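Please look over the sequence and the structure below before reading on. The text then goes through the fold step by step.

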Amino acid sequence: MKTSPVDREAFQRMAPGIITATGFLGDDPRSPERIIEEDAIFFDELGLDFDTVAERLQELAKRGEAGLGEPITVGKLLVQSGDARGMLPCPWEDGFFHKNAVSVSPADIPLEACVEGEDMLIYSELSIHMLKVHHFCQGRGSPFRLEPSLIKRLLF
Ligand SMILES: [Zn+2]
């Protein structure tokens with residue numbers, strides 16, 4: 001990946017306290033460039049592509065809205081779509097996105113037993129946008145990290 005000045009500015013906006021209190025990098029020691037490069041490799045290895053994953057996440061978020069904030073079963077998954085509370089800018093400054101949190105977990109594990117990032121994906125409209133357009137799944141340890149292996153296990 002060739003890092004442009006626009007990318008470099010976006011990476012700076014991922015730090016805690018700029019767009020969100022916790023930022024987008026979690027406790028991942030890797031640079032955003034590395035995170036993006038390595039996740040692209042994981043996507044390839046797992047046979048995932050960014051557009052298809054983004055569509056699936058979008059579709060589940062939509063289905064989850066029927067639960068009006070309560071978790072509902074969608075196939076083998078439990079989906080909970082929270083309210084959209086305000087908007088967040090993308091670190092690349094190419095748009096504003098709803099701050100809604102959607103959680104997706106296996107329907108056969110009680111919600112309170114699920115561990116974020118291990119058997120539960122949490123994402124917002126901004127997460128979907130960053131995955132689709134910038135191929136950025138966020139850093140490990142970020143609550144909104146879209147871990148490729150977990151995407152594969154839960155969504156496909
Ligand atoms: Zn963007």
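What follows describes a predicted model, beginning with its sheet.

Four strands make up an open sheet, ordered S1-S2-S5-S6, and their pairing is antiparallel. S1 and strand S6 (121-123) are at the edges; each has a single partner strand, so one side of each is left without a neighbour in the sheet. On average, and with direction ignored, neighbouring strands of this sheet are turned by 25 degrees against each other.

Strand S1 covers residues 72-74 and pairs with S2 in the antiparallel sense over three bridges. The two strands form a hairpin with two residues between them, and Gly75 in the turn has a positive phi of about 60 degrees. Val74 has Leu77 in S2 as its bridge partner.

On to the other pairing of strand S2. Five bridges join S2 to strand S5 (residues 102-106), and these two strands run antiparallel. Within this pairing, Leu78 stands opposite Ser105 in S5, and Leu77 is opposite Pro106 in S5. Leu77 is thus named in two pairings, as the bridge partner of Val74 and as the residue opposite Pro106.

Two helices pack on the sheet. Helix H3 (residues 50-65) touches S1, S2, S5 and S6, and its direction makes about 75 degrees with that of S2. H5 touches S2, S5 and S6, and the direction of H5 makes about 105 degrees with that of S6.

How covered is strand S2 (residues 77-81)? Four of its five residues are buried, and the strand is mostly covered. Gln80 also lies in strand S2. Gln80 counts as partly exposed because it has 18 C-beta neighbours inside 10 Å, where 20 or more would make a residue buried. Leaving aside neighbours within four places in sequence, Gln80 is in contact with Gly64, Gly67, Pro71, Val102 and Ser103. Gly64 and Gln80 are 16 residues apart along the chain, and their C-alpha atoms are separated by 5.4 Å.

Next comes the nonpolar interior. In soluble globular proteins, nonpolar side chains tend to be buried together. The largest nonpolar core here has 22 residues, of which Val104, Leu121, Tyr123 and Leu131 touch the most other members. At least two residues of this core are supplied by each of H3, S2, S5, S6 and helix H4 (125-134). What does Leu121 touch, not counting residues up to four places away in sequence? Its contacts are Val104, Leu146, Leu150, Ile151 and Leu154. Apart from the largest core lies another, of five residues, among them Ala10, Met14, Phe24 and Leu25.

The last step is the packing of one helix on another. Helix H2 (residues 32-46) packs against helix H5 (residues 148-155) at an angle of about 30 degrees, and their axes are 9 Å apart. The crossing of H2 and H5 is right-handed. On the H2 side, Asp39, Phe42, Phe43 and Leu46 take part, and they meet Pro148, Ser149 and Lys152 in H5. By type, the residues of this contact are four nonpolar, one polar and two charged. H5 therefore has two sets of neighbours: helix H2, and the sheet, where H5 touches S2, S5 and S6.

Conventions: Residues numbered from 1 in each chain as written. Predicted model: local features only at pLDDT ≥ 70, side-chain atom pairs only at ≥ 80, totals over all residues. Axes fitted to C-alpha atoms, helices over the stretch in contact; angles between N-to-C directions. Left-handed = near helix turned anticlockwise from the far one by under 90°. Contact = placed C-beta atoms within 7 Å. Nonpolar A, V, L, I, M, F, W, Y, C, P; charged D, E, K, R; others polar. Buried ≥ 20, exposed ≤ 12 C-beta atoms within 10 Å, placed from the backbone. Pairing = 2+ DSSP bridges. Core = buried A, V, L, I, M, F, W, Y, C linked by C-beta atoms within 7 Å.
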